[in-house]
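Student: I'm new to this structure and would love a close look at how a few of its helices pack together. Could you take me through one part slowly?

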Amino acid sequence: MIQDTSKRSSKSELEDLIKARYSLIYITSPEEQRVEESLRKLCVEREMRLEVWSITEGFKVLANGSGVRDVKDPMKAIDHVLRGEGRALYVLRDFHPFLKEPAVVRRLRDAATELRKTKKSLCILSPVTKLPPELEKSVSAVVDWELPTRAEIETAARKLLPNAPPATQQQIESDPTFMEHVVEGALGLTLVEAENVFAKSMVRTHTFDLETILEEKKQIIRKSGLLEYYEHREEFSDIGGMDILKDWLIKRRNAFSSRARDFGLPLPKGILMIGVPGTGKSLTAKAVGALWQMPLLRLDVGKIFGGLVGSSEENIRTVIKTAEAIAPAVLWIDELEKGFSGTGSSGQTDGGTTSRVFASFITWLQEKTSPVFVIATANNVQQLPPELLRKGRFDEIFFFDLPDREDRRAIIDIHLRKKKRDPSKFDLDKLIDATSDYSGAELEQAVIAALYDAFDTGNDLDTEGLVNTLKDIVPLAVTMREQIDAMREWAKTRARPAAARSRVQSKKDAGWMAKYGATKSNLGDKVGENAGDDGERKLEL
Ligand SMILES: Nc1ncnc2c1ncn2[C@@H]1O[C@H](COP(=O)(O)OP(=O)(O)OP(=O)(O)O)[C@@H](O)[C@H]1O
Ligand SMILES: [Mg+2]
């Protein structure tokens, strides 16, 4: 069983704020109706009057009372709140455009002080968080309203049940996991989006079709322009070498279960993978989704700051909110340095936005209680802000070096098999000798290029053909020697190598090796021996 997030719900968070006499609260959510419904329930429970304002309708009482108040002017609306009696919660819908007017801002600041002496709270409800700096201090809190929970999504799905054919209804009754999968399929969407997705599936397939639901969700998430929902899953056995990292990941494959919590294990936070290009960092990120049986969300950090969609602050919040709603999930942040590089100096260039966004990301990373595992990758360590590397941010920092002999053996083996060739028919030692300095990506490239050459000449792929093709490929490591050396130097004291230095196979390893397709041959012939001096990784540059 996967454990539920231990996060407080937005409704109880707001309740705490009201109890603590916070007078001005900013709620961010695109789901006005859903939030207001929660607020209505809260006000009924706490016997507070709920009055909701909009520019078109003025005030309307939604709980513990009735009636309307024809005050459409924003200034007068604030006055109305100040005049109100008793315990009350006021909601101003879409008020953010008026926060551009100095008089309104001033009035709100004064109101915040006055309201503190009363039993009234004022909420601004808007799809975006847009606060002028003068108000930032007066607004007591910003609540980022969570996306729908499992229970809410399930209610939306069940509403459609009467329209479903009897077969679907029977399936839901007889197989409790069916509804669970349907609900999981729509996590991360707003309630309206989830309802639409279910309705579309009903119209198209006359049932809750998981494929339709996931396909729709993928598109909705992609449309946000920040995240991509990954479905195609690389197998864990597609990764050659990297024994230390594999072992680390395999040990944590059940770390999100309630059994692990009961055992006293902390929730894994995430890892940072840095290293030489083409050494399988992205490949590993994708394979973790499959190994842990969790959905994988890929974040394009560049787009957070790109300015094409929303503001950067809004964007990082959306990403976190979506990942937490889908959780347990893996959030894969590829090429982290592209977004967060130079946060130190950005104060001068972008008004500190990058630093602020980075700070909120770091805080979330450190304090998150939801089962979102972050996998970040980076090539250029020099560009990463040092705060990111401090203890407590990531569980571990792994360094991906160029593959050594035995890892190359494993990688060549994998790529020959992928092309339906039998590795035992190749002289792997000869190929390993010819490929020092080659990254995993270059080894793959070499196999493909040699296949083309063989196809062209009418022969099948063989060792000689591969060795000949290799002569034409100049590995990146040759042109990037200095950068790679610098990276190794950096990693020596700050990161853990992803690949094994010593290849001693313990009994314990034998279990996972068999299960995940690692073999003695693809891990190298030193397995089982005490590697002694040879165990020390030899740098081959
Ligand atoms: N250890 C490996 N085992 C098997 N294949 C590998 C390995 N390393 C790289 N490859 C192959 O090379 C391809 C590209 O690697 P990948 O994109 O994961 O590298 P990367 O470290 O993310 O590179 P970059 O730093 O340029 O983003 C993979 O899809 C895979 O086919
Ligand atoms: Mg990559």
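Student: To start, at roughly what angle do the axes of helix 6 and helix 8 cross, and within what distance do they come?

Tutor: Happy to help! Keep in mind that this is a predicted model. Two numbers are handy here, since packed helices are described by the angle between their axes and the distance between the axes.

Let's begin with your pair. The axes of helix 6 and helix 8, the latter covering residues 176-186, cross at roughly 110° and come within 9 Å. That makes helix 6 roughly perpendicular to helix 8, because angles of 65 to 115 degrees count as roughly perpendicular. On the helix 6 side you will find Arg150, Ile153, Glu154 and Ala157, and they meet Met179, Val182, Val183 and Ala186 of helix 8. Sorted by type, the residues of this contact are 6 nonpolar and 2 charged, with no polar ones.

Now stay on helix 6, which spans residues 150-159, and look towards helix 9. The axes of helix 6 and helix 9 come within 9 Å, and they cross at roughly 35°. The crossing of helix 6 and helix 9 is right-handed. Helix 6 brings Glu152, Ile153, Ala156 and Ala157 to this contact, while helix 9 brings Leu191, Ala194, Glu195 and Phe198. Once again there are no polar residues: the contact of helix 6 with helix 9 divides into 6 nonpolar and 2 charged. Notice Ile153 and Ala157 in particular: both belong to the contact of helix 6 with helix 8, and both also belong to the contact with helix 9.

From there, follow helix 9 to its other partner in this tour. Helix 9 runs over residues 191-205 and helix 10 over residues 210-223; their axes come within 9 Å and cross at roughly 140°. That makes helix 9 oblique to helix 10. For this pair, too, the crossing is right-handed. The residues that helix 9 places in the contact are Glu193, Val197, Lys200, Ser201, Arg204 and Thr205, and those from helix 10 are Thr212, Ile213, Glu216, Lys217 and Ile220. By type, the contact of helix 9 with helix 10 has 5 charged, 3 polar and 3 nonpolar residues.

Before you leave, here are some other places to visit. Ligand 1 is surrounded by 20 residues, and the closest are Gly280, Lys281, Ser282, Leu283 and Gly440. Helix 13 (281-292), helix 19 (405-418) and helix 21 (440-457) each give at least two residues to that shell. The shell around ligand 1 divides into 9 polar, 8 nonpolar and 3 charged residues.

Two backbone details are also worth finding. Ala327 and Pro328 are joined by a cis peptide bond, with omega about 0°, and Pro328 sits in the loop between helix 15 and strand 11. Asp94 is not a glycine, yet its phi is positive, about 45°; look for Asp94 in the loop between strand 5 and helix 4.

Finally, a word on confidence. The protein has a mean pLDDT of 85, and 88% of its residues reach 70 or more. Residues 1-5 have pLDDT below 50, and this stretch makes 15 contacts in the model beyond near neighbours in sequence. The pLDDT is also below 50 over residues 502-513, where the model has 18 contacts beyond near neighbours in sequence.

Methods:
Residues are numbered from 1 along each chain as its sequence is written. Chains are lettered from A and ligands numbered from 1 in the order in which they are written. This is a predicted model: local features need pLDDT of at least 70, side-chain atom pairs count only at pLDDT 80 or more; totals for chains, interfaces and linings use all residues. Axes are lines fitted to C-alpha atoms, for helices over the stretch in contact, and angles run from 0 to 180 degrees between N-to-C directions. Helices (H or I, at least four residues) and strands (E, at least two) are DSSP runs, numbered from the N terminus. Angles under 35 degrees count as roughly parallel, over 145 as roughly antiparallel, 65 to 115 as roughly perpendicular and the rest as oblique. A crossing is left-handed if the near helix is turned anticlockwise from the far one by less than a right angle, and right-handed if clockwise. Two residues are in contact if their C-beta atoms, placed from the backbone, lie within 7 Å. Ala, Val, Leu, Ile, Met, Phe, Trp, Tyr, Cys and Pro count as nonpolar, Asp, Glu, Lys and Arg as charged, and the others, Gly among them, as polar. pLDDT is the predictor's confidence in each residue, from 0 to 100. A residue is near a molecule or strand if its C-beta atom, placed from the backbone, lies within 6 Å of it.
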